[in-house]
Amino acid sequence: MLPRLIVQLAALLSLLLGSRAHGKDRELPRPSSAWFEAEFFYHVLHWTPIPNQSESTYYEVELLRYGVEPIYWNPIRNCSQTLVLSCDLTMQTLDLYHSNGYRARVRAVDGGQHSNWTSPNTRFSVDEVTLTVAGVKLEVHDGIIFGVIQLPRPKVAPAGDTYESIFHNFREYEIEVRKVPGRYKSHDKIKHENFNLPVPRGVGEFCVRVKPSVSSRVNKEVWSKEECIVLTPQYLTVTNLSIIFAFVLLLCGALAFLLALQLYVQRRGTLPTALVFKKPSPFSLVSQLSCPETQDTIHPLDEQAFPKVSPELRNSELHGSTDSGFSSTKPSLQTDEPQFHLPAPHPLAGGTLGKGATQLLENSCSSGSSKSTDSGICLQEPNLSPGTEPSWEPQVGSDSQDQLDSGIGLVQNPEGQPEDVQGGSALDHVSPLGSEVAAGEDPAAGAFQGYLKQTRCPEGRAAEAGGLEEESSSTAGLGPRFRTCVDAEADWPLPALAKGYLKQDPPEMTLTPSGAPAGQWNPPTEDWSLLGLTSCGDLGASDWSFAHDLAPLDCVAAPGGLLGSFDSDLVALPLISSLHSSE
Amino acid sequence: MQAQGVSLCLLGVMLFLCSAHARGLRRCLISMDMRRIEESFQGIKNAIQAKDTFQNVTILSTSETLHSIKPLDVCCVTKNLLAFYVDRVFKDHQELSPQILRKISSIANSFLYMQKTLQRCQEQRLCHCRQEATNATRIIHDNYDQLEVRSAAIKSLGELDVLLAWIDKNHQGTSAA
């Protein structure tokens with residue numbers, strides 16, 4: 001009896017103890033729910049805590065691969081931590097996207113007690129992965145926003161398992177845009193990872209967000225984080241820069257064209273070479289300066305020898321003419337008292353000329369100077385000495401073809417007797433002029449033939465280059481000559497005034513010296529105040545010894561007649577009132 | 001010239017034969033939008049799979065059956081599985097919720113449409129069942145028989161996503177989605 005009671009009591013105790021232990025397990029509640037929150041290769045199991053959990057409560061998680069043998073629950077040690085209500089199961093579920101899924105369960109543990117297992121309602125498969133994108137890249141070019149969707153690239157993903165490979169087809173993205181601070185507006189649904197957004201008018205900050213989806217799948221989708229970009233006004237766009245560049249090119253082209261046009265016009269406007277006047281070279285100036293020196297030896301006339309020269313004539317226009325009558329370049333003898341020195345008196349010309357004073361150097365003048373000169377004076381440099389004075393000679397009937405414009409030809413006596421020249425210098429000077437004047441007075445009877453051109457000065461200048469004496473020796477004994485060459489038709493060239501031309505008398509005029517014997521020169525009478533001219537024809541009868549070297553002049557002159565005519569026409573003649581004999 | 005003509009003729013004959021053979025090798029594929037079925041299943045997945053208490057047992061057993069199916073057997077296996085679900089699973093499941101029942105009904109109607117498409121292929125002798133396909137179908141039926149009918153039906157409904165994924169993968173060439 002008693003052993004039977006003891007056995008029954010023992011069984012009862014064991015049952016009670018067992019039930020208590022079992023009650024403890026039951027006491028610990030299990031998590032009410034569990035679920036997966038998964039993104040691309042980020043799988044996390046979440047569960048709710050048990051009510052009245054203590055600080056020592058922790059949870060155990062187990063995982064099972066559904067349909068893959070061997071089928072067993074795999075405990076996850078990493079998740080057994082206190083008060084942790086989630087567990088990252090990515091590493092244990094890497095082949096989620098190629099399998100039928102996983103089953104997971106979780107239970108609470110506190111002390112020695114364990115709760116019941118709690119499992120998610122659904123099998124964890126690829127359908128439960130929430131589709132997301134990593135981000136959006138925005139760039140602005142030419143007023144257009146270029147966007148690139150950044151797909152997730154988890155590091156734990158196995159090689160080859162990319163978003164594009166797993167969700168190979170029917171990927172789509174919904175884009176929303178907003179301008180700060182406005183609201184989002186749906187823009188477009190694209191099927192590629194690149195998109196363009198035309199910039200709305202205005203500038204400012206624009207934000208874009210993207211929501212991915214797979215049209216053949218029922219996965220959940222979430223919007224990405226917004227990406228914002230600030231737009232500033234672009235002035236230096238490609239279009240603007242190209243326009244500016246085109247304008248610059250156009251401007252340069254126009255400037256170049258105008259410059260070329262201006263250059264062309266200037267070139268056309270240049271003077272023809274024939275009209276371009278040479279500037280006087282310094283050497284020419286020197287020669288000019290030197291030349292007049294040789295020609296400058298004008299022997300002044302004695303004013304008293306020409307008392308009848310009226311003041312009016314002195315101040316006449318002819319007197320005031322700028323034509324000096326000399327071939328020299330020196331200023332014309334405008335002054336009332338020119339220094340005009342006559343050479344030695346001419347032995348011919350009706351006695352009006354002194355012996356040796358006036359030698360017919362017309363040959364030298366005419367021969368050598370068959371050139372045209374603008375005045376009638378041909379001054380030949382004395383070759384004996386620089387001090388000698390040139391002699392005046394009438395050049396009546398000289399080579400008028402020379403076109404000498406005046407009637408005065410002053411030729412020095414190369415073999416001259418200096419004393420005679422000196423002494424009769426005045427007379428010499430006077431005589432040719434006087435004859436000329438006399439001849440010039442006859443023009444009332446004869447026509448005015450014009451002026452005799454002077455022989456050109458450059459002859460003398462060229463000859464002057466070496467020196468006065470040399471020149472005179474090189475030539476026919478004559479250097480630069482002052483002479484008045486008489487036109488062929490004009491017998492008596494008028495005695496030139498200080499600067500004017502001497503009129504030429506017609507050929508029929510003859511020199512008729514007033515009683516003066518030919519070849520002799522007498523002191524001028526009171527009526528004759530000008531130089532007398534010796535006729536060329538008197539050369540032969542003259543006492544000159546110089547004539548042999550000279551070509552006979554075609555002078556037809558009668559000194560006396562000349563003087564007579566000179567006397568009568570004294571007033572009307574363009575008198576060289578400024579000429580003074582050196583007498 | 002004659003040699004070129006002969007070679008061209010031979011090439012044409014070969015091409016004809018190849019096309020004929022290719023026609024024979026042409027797969028009978030289902031070309032319908034699977035997305036509607038998947039959307040329907042997603043609506044009942046939570047309720048159906050929550051009732052599956054036998055989590056360490058699988059009926060379709062993809063590792064042993066579905067993953068080893070050759071392309072030539074896809075038509076036969078697809079036809080057999082569609083018949084399995086229509087003849088056994090949908091009939092054995094007793095659903096009380098109308099919302100769930102509506103979705104299950106839409107899935108069943110889609111399966112019937114796919115069955116008709118595959119039947120035309122079978123009449124054209126394009127859906128020949130080999131031994132491997134027959135063996136896979138037998139395994140699935142055996143797994144379904146080891147469980148209680150209600151639990152098996154629930155579990156089979158819960159594994160519809162597996163079947164749809166497999167069909168989508170093997171009939172991808174011509175699916176209209």
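In the predicted model, R107(A) and E60(A) are joined by a salt bridge in which the closest N and O atoms are 2.8 Å apart. R107(A) belongs to strand β6 (residues 102-110) of chain A, whereas E60(A) belongs to strand β3 (residues 57-65) of chain A, so the pair ties together parts that are 47 residues apart in sequence. This contact is one of 17 salt bridges found over all chains in a search of the whole structure.

The two strands that carry this pair are also members of one sheet. In chain A, 4 strands form an open sheet in the order β4-β3-β6-β7, with antiparallel pairing. The edges of this sheet are occupied by β4 (74-76) and β7 (113-114) of chain A; each has a single partner strand, so one side of each is left without a neighbour in the sheet. At one of these edges, β6(A) and β7(A) run antiparallel and are joined by 2 bridges. Within β7(A), H114(A) is the residue that stands opposite V109(A).

A further open sheet of chain A consists of 4 strands in the order β5-β2-β1-β8, and here the pairing is mixed. The edge positions are taken by β5 (86-88) and β8 (129-130) of chain A, each with a single partner strand, so one side of each is left without a neighbour in the sheet. The pairing of strand β1 (residues 34-39) of chain A with β8(A) is in the parallel sense and extends over 2 bridges. In this region T130(A) of β8(A) lies opposite E39(A).

Antiparallel pairing is also found between strand β11 (residues 171-179) of chain A and strand β12 (residues 185-190) of chain A, which are connected over 5 bridges. These two strands, β11(A) and β12(A), form a hairpin with 5 residues between them. The bridge partner of E174(A) in β12(A) is K189(A).

Aromatic contacts were examined in addition to the strand pairings. Over all chains, a search of the whole structure yields 13 aromatic pairs. Among them is the edge-to-face pair of F40(A) and Y163(A), with a distance of 5.6 Å centre to centre and an angle of 65° between the planes. This pair links distant parts of the chain: F40(A) is in the loop between β1 and β2 (42-47) of chain A, while Y163(A) is in helix α2 (residues 163-166) of chain A, 123 residues apart.

The interface between the two chains was characterised by contacts and by buried area. Contact is made between 24 residues of chain A and 24 residues of chain B. Together, chain A and chain B bury about 2,000 Å², of which 44% is on carbon and sulfur atoms. On the side of chain A, the residues that lose the most area to chain B are Y66(A), R123(A) and V218(A), which together account for 27% of what that side buries.

Polar interactions across the interface comprise 10 residue pairs in polar contact between chain A and chain B, both residues being at pLDDT 80 or more. By class, the side of chain A that touches chain B has 8 nonpolar, 10 polar and 6 charged residues. The count of salt bridges between chain A and chain B is 2. In a salt bridge across the interface, the side chain of R123(A) meets that of D161(B) at 2.9 Å, N to O. R123(A) is thus present both in this salt bridge and among the residues of chain A that lose the most area to chain B.

Key. Residues are numbered from 1 along each chain as its sequence is written. Chains are lettered from A and ligands numbered from 1 in the order in which they are written. This is a predicted model: local features need pLDDT of at least 70, side-chain atom pairs count only at pLDDT 80 or more; totals for chains, interfaces and linings use all residues. Side-chain values use heavy atoms; hydrogens and water are left out. Contact means heavy atoms within 4.5 Å. Buried area is the accessible area (1.4 Å probe) that two parts lose on being put together, summed over both. A salt bridge is a side-chain nitrogen of Lys or Arg within 4 Å of a carboxyl oxygen of Asp or Glu. A polar contact is a pair of N or O atoms within 3.5 Å; within protein, one must be able to donate a hydrogen and the other to accept it, and residues adjacent in sequence count only if both atoms are side-chain atoms. Ala, Val, Leu, Ile, Met, Phe, Trp, Tyr, Cys and Pro count as nonpolar, Asp, Glu, Lys and Arg as charged, and the others, Gly among them, as polar. Two strands pair if DSSP finds at least two bridges between them. Rings of Phe, Tyr and Trp (its six-membered ring) pair if their centres lie within 6.5 Å; planes under 30 degrees apart count as stacked, over 60 as edge-to-face and the rest as tilted.
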